[in-house]
2 protein chains.
Amino acid sequence: MTESFLVFPDPAPPDIVRQLDFDGYQWRAVSSVEQLVEAEPEEGWTGAIVDITDNSEKAWALCRELRRRDVPVEPLLILASGSQLDELAEFDELFDEFMVTPFHSKELEARVRHLLWKAGRGARPELVTYGDLVLNLETYQAVLDGRPLDLTYMEYELLRFLAAHPGKVFSREALLSQVWGYEYYGGARTVDVHVRRLRSKLGEEHASLIQTVRSVGYKLGQGRW
Amino acid sequence: MTESFLVFPDPAPPDIVRQLDFDGYQWRAVSSVEQLVEAEPEEGWTGAIVDITDNSEKAWALCRELRRRDVPVEPLLILASGSQLDELAEFDELFDEFMVTPFHSKELEARVRHLLWKAGRGARPELVTYGDLVLNLETYQAVLDGRPLDLTYMEYELLRFLAAHPGKVFSREALLSQVWGYEYYGGARTVDVHVRRLRSKLGEEHASLIQTVRSVGYKLGQGRW
DNA sequence: CCTTGTGTTAATTGAGTGTGAACAGCTCCC
DNA sequence: GGGAGCTGTTCACACTCAATTAACACAAGG
């Protein structure tokens with residue numbers, strides 16, 4: 001997984017990007033909210049570093065936008081001059097860290113590292129992921145390629161079970177007893193139909209996520225050889 | 001609730017305590033791990049501010065001890081000189097924030113405030129917000145779109161609980177035990193009815209704020225990731 | 001005694017789920 | 001190579017049961 005930071009404004013402050021480059025982080029500078037979408041990398045932003053010294057109003061607007069999204073950009077680092085420190089009090093909810101200019105180059109390095117460390121083992125929601133598929137167990141939301149899937153209860157449970165054991169093949173009977181929770185009564189077709197509905201909701205390009213293993217059952221993804 | 005900070009070492013750095021006093025925070029200085037217990041206030045420590053410039057080894061030992069406890073002291077602020085920044089990398093798990101000496105007095109104020117805000121017990125009026133919904137926990141008032149809602153006690157408590165965990169799905173049983181505070185007696189429908197009353201008071205346009213997740217429970221809004 | 005808040009019960013509704021049957025594709029064997 | 005026999009896919013329909021809704025019962029407080 002590559003780290004990719006958003007930097008504001010554009011052109012980016014030279015002392016920032018020098019240190020980011022030095023530490024081997026990817027970054028892209030944006031100068032307005034509008035540029036957010038086009039500049040965003042495939043995997044989304046790892047975090048954002050926003051310099052509020054020149055245009056704080058625009059900067060806070062950007063931060064607000066980043067926090068408002070479906071998948072909020074979490075680690076937000078703010079740069080402020082000493083005289084702007086009071087201003088921070090009004091926007092506590094819009095950032096995680098801040099740093100006062102001028103700064104040690106080592107300080108930026110340390111803050112970015114610590115931010116990533118916290119993001120890595122902070123109290124994050126329970127997720128089940130497989131590739132571009134993300135299941136949030138707390139909100140019962142499923143997202144594929146960043147686009148939310150509208151799944152019913154059973155569809156969600158089935159997908160969750162398969163995604164929890166990627167690559168492993170489950171017989172219909174196994175799925176019935178593990179996902180549905182009762183003994184195999186009569187309808188093995190039930191599983192097929194639910195798989196079909198799931199595939200159609202996954203969309204044509206991702207329908208192959210759930211693979212059928214002839215005479216055996218179903219599995220999610222390729223697994224390993 | 002009074003805020004009470006632990007400060008290391010003892011005697012405490014004068015520029016620290018000057019600012020803490022100025023901002024109206026309680027504090028007690030300790031110089032060793034042994035003094036931790038006797039110096040601890042009734043309600044426990046709100047947080048800790050540890051200066052590692054003079055004796056970093058002892059300082060880290062103290063931090064480790066604070067994190068090891070049953071109820072870890074969460075907000076840990078570290079003071080380091082510029083030359084110690086590299087050292088931080090080894091102890092990411094032992095602190096939440098750090099600050100480089102020498103520092104703006106305003107910076108300390110801002111960091112402590114932000115730390116408290118993140119810990120969820122800011123000094124300012126406690127608010128729970130989600131989008132256009134604002135719940136004032138002190139006045140027991142609920143406001144939606146600037147328009148005050150006339151909620152009953154139970155309605156308020158339910159909405160408050162849901163809003164405190166936006167996006168997370170709660171089963172009726174969970175809501176009964178967490179909001180009502182007793183074990184599931186017989187009436188799971190109770191929750192439904194309260195949700196219905198809430199929704200009608202939220203108004204047609206915002207009724208969808210509380211979402212039902214079929215076969216699971218209810219949640220507020222779409223939730224964050 | 002009326003008003004207001006809260007919990008219960010019961011009827012209604014509809015999304016979600018299961019089922020059977022038709023269809024398509026593959027495999028095996030003569 | 002070409003049926004026969006499996007196996008998986010797809011469709012349409014029926015039904016179940018969870019959520020909604022309305023109406024009622026009860027307690028507390030003014």
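In this predicted model, 16 residues lie around DNA strand D, and those that come nearest to the strand are A:Asp192, A:Arg196 and A:Thr212 from one chain together with B:Asp192 and B:Thr212 from the other. Two elements each give two or more residues to this surface, namely helix H7 (189-202) of chain A and helix H8 (189-202) of chain B. In character, the residues of the surface near DNA strand D divide into eight charged, four polar and four nonpolar.

From the DNA surface we can turn to the interior. The largest nonpolar core holds 42 residues, among which A:Ala142, A:Leu159 and B:Leu159 touch the most other members. Helix H5 of chain A, spanning residues 153-164, supplies the largest share of this core, with five residues. If one follows A:Ala142 outward and leaves aside its neighbours within four places in sequence, the residue is in contact with A:Leu135, A:Pro148, A:Leu149 and A:Leu151, and also with A:Tyr156 and A:Leu159. A second core, separate from the one just described, comprises 32 residues and includes A:Val30, A:Ala48, A:Ala59 and A:Phe98.

The overall make-up of chain A gives the setting for these details. The chain contains seven helices and eleven strands, and of its 225 residues 30% are buried. When the contacts in chain A with a separation of 6 or more are considered, 53% of them are accounted for by residues that stand 24 or more positions apart.

Definitions and conventions. Residues are numbered from 1 along each chain as its sequence is written. Chains are lettered from A and ligands numbered from 1 in the order in which they are written. This is a predicted model: local features need pLDDT of at least 70, side-chain atom pairs count only at pLDDT 80 or more; totals for chains, interfaces and linings use all residues. A residue is near a molecule or strand if its C-beta atom, placed from the backbone, lies within 6 Å of it. Helices (H or I, at least four residues) and strands (E, at least two) are DSSP runs, numbered from the N terminus. Ala, Val, Leu, Ile, Met, Phe, Trp, Tyr, Cys and Pro count as nonpolar, Asp, Glu, Lys and Arg as charged, and the others, Gly among them, as polar. A nonpolar core is a set of buried Ala, Val, Leu, Ile, Met, Phe, Trp, Tyr and Cys residues joined through C-beta atoms within 7 Å. A residue is buried if 20 or more other C-beta atoms lie within 10 Å of its own, exposed if 12 or fewer, and partly exposed in between; C-beta atoms are placed from the backbone. Two residues are in contact if their C-beta atoms, placed from the backbone, lie within 7 Å.
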